[in-house]
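Me: Can we go through how the helices and strands of this model fit together? Keep it plain, please.

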Amino acid sequence: MKPIRDAIAALGTDLGPDILGQCRALFDAEQMALAAAVPVTQADIAYGPDARHRLDLYAPKGDAPAPILVFVHGGGFLKGDKGSADAWPNANVGRMAAQAGFLGVVINYRLAPDHGWPAGAEDVAAVVNWLKSHAAAHGGDADRIVLMGTSAGAVHVAGYLKLAGSDAVRAAVLLSGLYGYTPLDPRDTLYYGDASFYPDRMPLEAVAATKLPLLIACAEFDPPRFQAEFLSLLQDRLARHGAMPRAFIQSGHNHYSMAMHLGTADRRLLQEICAFVRETTA
């Protein structure tokens, strides 16, 4: 794994399509092998009326109703996809879930600028509602749902807590999200609207105050803003609850590789996530 760590370290903390492509190339061989070993169980299920309201299911082996891990992809509010057999990024998280004995659910959601706040949180809520009605038919236990998002996906999971509360799910995993502790980036106004709306629309209060079990993670080579958000949320949770939430700093990875590497030989974050899901859905 050292060559991969060295390659990621050399990329620094920048974001952009070139960095994204280089990260994907690092994991392509392992992830294509995983895609062949764990095919999608059912693809492009509609959970709502929009063309982006689609989800894929990755079912585990076994007959018992399984805990459900819902994954919400990143993409800066503007892009991203749940993946497929050939386009493995994000789909790999569903495959990882199935291998761990969970029903993996990987979703698409409506994107900015056509769909602004709170569309992402509304779509996560629509997925939860769909699972409450349909999960049993696909081997999932609708009473044991854990939400997981990376980057913008983590924001939408946090936004779900602001919109709908926590009664319908067991826990949440937040990878490299922006919750409202740092100033709004101009590009993010394409989702949130004018910067003056941000204090009321950001999910900070919900994610800081919730009693829902949280696993919060960031990467060693995340951009400084994401690291500041991670540390600020930990400090806020400590001040409010008298204890930090479960947290993990993924050494040797960056903003993109946090989710991209799940399912590969580097199992540190995978093991942390799977243990958290098992403990919170027991």
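Helices and sheet

Reply: Helix α1 (residues 2-11) packs against helix α2 (residues 17-37) at an angle of about 180°, with the axes 11 Å apart. That makes α1 roughly antiparallel to α2, a label for angles over 145 degrees. Axes are lines fitted to C-alpha atoms, for helices over the stretch in contact, and angles run from 0 to 180 degrees between N-to-C directions. Helices (H or I, at least four residues) and strands (E, at least two) are DSSP runs, numbered from the N terminus.

Me: Is this predicted or not, and what got counted?

Reply: This is a predicted model: local features need pLDDT of at least 70, side-chain atom pairs count only at pLDDT 80 or more, and totals for chains, interfaces and linings use all residues. Residues are numbered from 1 along each chain as its sequence is written, and side-chain values use heavy atoms, leaving out hydrogens and water.

Me: Which residues in α1 and α2 meet?

Reply: I4, A7, I8 and L11 of α1 meet I19, Q22, C23, L26 and F27 of α2; contact means heavy atoms within 4.5 Å.

Me: Now the sheet. What is the strand order?

Reply: Eight strands form an open, mixed sheet in the order β1-β2-β4-β3-β5-β6-β7-β8. Two strands pair if DSSP finds at least two bridges between them. The edge strands, β1 (42-46) and β8 (246-254), each pair on one side only.

Me: How many bridges join β1 to β2?

Reply: Three, and β1 runs antiparallel to β2 (residues 54-58). I45 has L55 in β2 as its bridge partner.

Methods
Angles under 35 degrees count as roughly parallel, over 145 as roughly antiparallel, 65 to 115 as roughly perpendicular and the rest as oblique.
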